[in-house]
Structure formats: C-alpha cells, structure tokens
Amino acid sequence: MILEAKRLLAHGGQPASRIAAQLGFTSATDCSTYFHQRTGQSPITFRATALGRSAKNGPGDTPGTGRPGQ
C-alpha cells in the first residue's frame with residue numbers, strides 16, 4: 001500500500017485526500033498517519049521531495065527557493 005501511495009504522490013497530480021480515498025482510507029488524516037508511521041515523513045513532504053522542491057513551496061513556486069516562479 002505504501003508503494004502505491006508513493007507512486008500516486010510522486011507521479012499524479014491528485015490531492016492527498018483523493019489518494020487516501022483511492023487507497024481505501026476513510027479519511028485523509030488516517031492515511032497521513034499511516035504513511036508517516038511507515039515512512040517517517042508526511043505525504044506532502046514526500047511529494048515535495050519526490051518532485052524536487054521544498055514542502056513549503058506552493059504550486060507556482062520556483063523549486064527549492066520558496067519564492068514565486070517567474
């Protein structure tokens with residue numbers, strides 16, 4: 001299940017809540033807790049790392065800078 005969650009987070013544009021539902025969790029919080037306990041990081045942090053940007057960046061931010069893209 002973790003492998004599938006990682007795949008969806010790294011390669012899909014779906015929100016974490018939708019991924020949680022796809023994986024059969026009743027809430028995004030339950031999924032996040034499960035993921036964190038097994039990987040040591042939140043789904044959002046994992047996605048940011050997999051995509052090469054800081055977890056604090058927004059979708060339009062320049063990767064790794066925390067500043068809006070140009």
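This is a dialogue about reading helix packing, burial and contacts in a predicted model.

Trainee: Let's start with the overall fold. How many helices and strands does the protein chain have?

Mentor: Keep in mind that we're looking at a predicted model. The protein chain has four helices and zero strands. Going from the N terminus, the order of elements is α-α-α-α.

Trainee: And what share of the residues in the protein chain is buried?

Mentor: Of the 70 residues in the protein chain, 23% are buried. On the outside, about 4,600 Å² is exposed, with carbon and sulfur atoms supplying 52% of that area. For the contacts, take those with a separation of 6 or more: 37% of them join residues 24 or more positions apart.

Trainee: OK, now helix pairs. How are two packed helices described?

Mentor: You give the angle between their axes and the distance between the axes. Here, try helix 1 (residues 2-11) with helix 3 (residues 28-39): the angle is about 105°, and the axes lie 11 Å apart. Since angles of 65 to 115 degrees count as roughly perpendicular, helix 1 is roughly perpendicular to helix 3.

Trainee: Which residues make that contact between helix 1 and helix 3?

Mentor: Helix 1 brings Ile2, Ala5, Lys6 and Leu9, while helix 3 brings Tyr34, Phe35, Arg38 and Thr39. Sorted by class, the contact of helix 1 with helix 3 has five nonpolar residues, one polar and two charged.

Trainee: Next, the core. Which residues make up the largest nonpolar core?

Mentor: Look for buried nonpolar residues joined through side-chain atoms within 4.5 Å. In this model, the largest such core has 12 residues: Ile2, Ala5, Leu8, Leu9, Ala10, Ile19, Ala20, Leu23, Phe25, Cys31, Phe35 and Phe46. Helix 1, helix 2 (16-22) and helix 3 are the elements that give two or more residues to this core.

Trainee: Which helix gives the most to this core?

Mentor: That's helix 1, with five residues. The buried residues of helix 1 are Ile2, Ala5, Leu8, Leu9 and Ala10, and they pack against helix 2, helix 3 and helix 4.

Trainee: What does Ala20 touch, leaving aside residues up to four places away in sequence?

Mentor: On that count, Ala20 touches Phe25, Ser27, Ala28 and Cys31. Phe25 and Cys31 are also among the members of the largest nonpolar core, as is Ala20 itself.

Trainee: Let's move to helix 4. Which of its residues are buried?

Mentor: Helix 4 covers residues 43-50, and its buried residues are Pro43, Phe46, Arg47 and Ala48. They pack against helix 1, helix 2 and helix 3. Check the backbone after helix 4, too: Gly52 follows it with a positive phi, near 75°.

Trainee: Now a loop residue. Where does Gly12 lie?

Mentor: Gly12 sits in the loop between helix 1 and helix 2. Its relative accessibility is 26%, so Gly12 counts as partly exposed. Apart from residues up to four places away in sequence, Gly12 touches Arg7 and Arg47. Gly12 and Arg47 are 35 residues apart in sequence, yet their C-alpha atoms are 9.6 Å apart in space.

Trainee: And Gln22, what is its relative accessible area?

Mentor: The value is 47%, so Gln22 is partly exposed; the cut-off for exposed is over 50%. Gln22 lies in helix 2. If you skip residues up to four places away in sequence, Gln22 touches Leu8 and Gln14. You can also compare positions along the chain and in space: Gln22 and Ala5 are 17 residues apart along the chain, with 9.3 Å separating their C-alpha atoms.

How values were computed: Residues numbered from 1 in each chain as written. Predicted model: local features only at pLDDT ≥ 70, side-chain atom pairs only at ≥ 80, totals over all residues. Heavy atoms only, no water. Axes fitted to C-alpha atoms, helices over the stretch in contact; angles between N-to-C directions. Parallel < 35°, antiparallel > 145°, perpendicular 65-115°, else oblique. Contact = heavy atoms within 4.5 Å. Nonpolar A, V, L, I, M, F, W, Y, C, P; charged D, E, K, R; others polar. Buried < 20%, exposed > 50% of the residue type's maximum accessible area, 1.4 Å probe, protein only. Areas by Shrake-Rupley, 256 points an atom, 1.4 Å probe, with all protein chains shown as cover.
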